[in-house]
Amino acid sequence: MKKIIFLFVLFMSTSLLFAQQKSFYDFTVKSISGKDFSLSSLKGKKVLVVNVASKCGLTPQYTQLQELYDKYGPDKFVIIGFPANNFMNQEPGSNEEIQEFCRSNYGVTFLMMGKISVKGEDIHPLYEWLTKKSGNGKADAEVKWNFQKFMIDENGDWAGFADPKTLPAAKEITDWIEGLSK
């Protein structure tokens with residue numbers, strides 16, 4: 001009987017260990033200048049993660065993203081743009097070209113990371129976590145197009161997402177930033 005109880009406790013302990021989900025803070029990404037950027041440096045802040053593209057019909061969303069960052073950031077809220085070329089070759093430029101485009105055309109001062117893949121066989125591990133319930137523990141949320149938005153709470157947990165056509169200043173996003181949503 002003791003052996004059965006011991007095996008049961010061992011099994012449950014092992015199951016709990018493997019069931020622990022990663023958090024947003026467990027990832028390190030490359031900044032647009034090529035340096036490692038640990039997402040754990042954002043602990044205590046709400047984070048809006050957006051896959052961006054320079055040659056997309058939704059590219060003007062950069063204006064609202066910057067306005068959102070100007071209004072709420074950077075102490076308790078940050079935005080991270082991840083350039084991605086997954087949709088109709090709408091982000092063909094180099095990291096340097098993307099950075100210059102964002103600064104000169106939209107005055108972007110929020111965090112921009114290096115170009116990555118947000119879907120497919122070469123999906124970046126962060127986006128694998130963002131889009132799969134098995135990783136984030138909350139929901140599946142396939143990236144449908146450029147400018148899909150993922151909300152990460154102050155604890156590094158996945159809090160939700162907004163589709164690409166949802167404007168950055170939409171009520172669902174501003175309510176979440178202000179703490180009015182669940």
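How far apart in helix α6 are D175 and K171? In this predicted model, the two residues lie 4 residues apart in helix α6, which spans residues 171-178, so they are separated by about one helical turn. An α-helix has 3.6 residues a turn, so residues three or four places apart point the same way. D175 and K171 form a salt bridge, in which the closest N and O atoms are 2.9 Å apart.

**The salt bridges**

The structure has 3 salt bridges by the rule used here, and they are listed below with the distance between the closest N and O atoms of each pair.

| Pair | Closest N and O atoms |
|---|---|
| K30 and D36 | 2.7 Å |
| E142 and K119 | 3.2 Å |
| D175 and K171 | 2.9 Å |

The partners can be described further by how much of their surface is accessible. K30 is partly exposed, with a relative accessible area of 46%, while its partner D36 is exposed at 58%. In the pair formed by E142 and K119, the residue E142 is exposed with a relative accessible area of 52%, and K119 is partly exposed at 25%. In helix α6, D175 counts as buried because its relative accessibility is 15%, which is under the cut-off of 20%, whereas K171 is exposed at 59%.

The bridge between E142 and K119 joins two loops. E142 lies in the loop between α5 (133-136) and β6 (149-152), and K119 lies in the loop between β5 (111-112) and α4 (125-131), so this pair ties together parts that are 23 residues apart in sequence.

**Helix α6 and its surroundings**

D175 is one of the buried residues of α6, a list that also holds I173, T174, W176 and I177. The buried residues of this helix pack against the strands β3 (46-52), β4 (77-83), β6 and β7 (158-162), and also against the helix α2 (61-72). After α6 comes G179, a residue whose phi is positive, near 85°.

**A buried lysine without a salt bridge**

Which side chain of opposite charge is nearest to the buried residue K46? K46, which belongs to strand β3, has E154 as its nearest side chain of opposite charge, at 4.0 Å, yet K46 has no salt bridge. The side chain of K46 instead reaches backbone atoms of helix α6: the backbone oxygen of W176 is 2.4 Å away, and the backbone oxygen of I177 lies 3.4 Å from a polar atom of the K46 side chain. Leaving out residues up to four places away in sequence, K46 also touches other residues, including K76, F77, V78, I152, D153 and G179.

**The nonpolar core**

In soluble globular proteins, nonpolar side chains tend to be buried together. Here the largest nonpolar core has 52 residues, and F24 and Y127 have the most contacts inside it. At least two residues of this core come from each of β3, α2, β4, α3 (95-106), α4, β6, β7 and α6. When neighbours within four places in sequence are set aside, the contacts of F24 include L39, L42, V47, V49, I80, L126, W129 and I152.

**Cysteines**

A disulfide is a covalent bond between the sulfur atoms of two cysteines. A search of the whole structure finds 0 disulfides. The cysteine C56 is buried, with a relative accessible area of 9%, and C102 is buried as well, with a relative accessible area of 1%.

Terms used:
Residues numbered from 1 in each chain as written. Predicted model: local features only at pLDDT ≥ 70, side-chain atom pairs only at ≥ 80, totals over all residues. Heavy atoms only, no water. Buried < 20%, exposed > 50% of the residue type's maximum accessible area, 1.4 Å probe, protein only. Contact = heavy atoms within 4.5 Å. Lys, Arg positive; Asp, Glu negative; His and termini not counted. Polar contact = N/O pair within 3.5 Å; in protein donor to acceptor, adjacent residues only side chain to side chain. Core = buried A, V, L, I, M, F, W, Y, C linked by side-chain atoms within 4.5 Å. Disulfide = S-S within 2.5 Å.
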